[in-house]
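Student: I'm new to this one, so could you walk me through it with a few questions?

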Amino acid sequence: MNANNFSAVLRRIQRVGWKQVVKDLSREGKLMPGTLVGVDAHGNRYYEDRDQLYGQDRRVDYASSEVDGSQIPGEWHRWVHHMTDDLPDSTEPRKKWQTSHTPNYTGTVNQYVPYSTTKPKIEPWVLPK
């Protein structure tokens, strides 16, 4: 490690703390620079660093330890994926057709399971007594 990298690590530790630096290194394998641009209702923090390559300049630090892309609300999804450069406005009133954000529940007990209203064509085999 050269002196420039070491000084960058020290500056990063001073700015965000050593816990955040360890978290960045364990999740991404590199230091994740950037300035905090916002926090959503779920506690996810959003960062931007214009010195990085396009597509790598915006990132999310998830509030929960379970990292899942569906934890990002729609208004922040637009910003993270460069659909817009405007930051979401939390004071903007919601339309009456808009619902609150829910994450993807696939693979959990809360998942959507459709049911059939037609009679099955094949009867399941039952173990004789």
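Tutor: Sure, one term before we start: a salt bridge is a side-chain nitrogen of Lys or Arg within 4 Å of a carboxyl oxygen of Asp or Glu. The model is predicted, so local features need pLDDT of at least 70, side-chain atom pairs count only at 80 or more, and totals for chains, interfaces and linings use all residues. Residues are numbered from 1 along each chain as its sequence is written, and side-chain values use heavy atoms, leaving out hydrogens and water.

Student: Which side chain of opposite charge is nearest to Asp57?

Tutor: Asp57 sits in the loop between S2 and S3, where strands are DSSP runs of E, at least two residues, numbered from the N terminus. Asp57 is buried without a salt bridge; buried means under 20% relative accessible area with a 1.4 Å probe, protein chains only. Lys and Arg count as positive, Asp and Glu as negative, and His and the chain ends aren't counted. At 4.6 Å, the nearest side chain of opposite charge is Arg58.

Student: With which side chain does Asp57 make a polar contact?

Tutor: A polar contact is a pair of N or O atoms within 3.5 Å, one able to donate a hydrogen and the other to accept it; residues adjacent in sequence count only if both atoms are side-chain atoms. For Asp57, the distance is 2.9 Å and the partner side chain is His82.

Student: What is the bridge partner of Tyr47 in S3?

Tutor: S2 (residues 45-48) and S3 run antiparallel, joined by four bridges; strands pair if DSSP finds at least two bridges between them. Glu48 stands opposite Arg58. For Tyr47, the partner is Arg59.

Technical notes
Buried means under 20% relative accessible area, exposed over 50%, partly exposed in between (1.4 Å probe, protein chains only).
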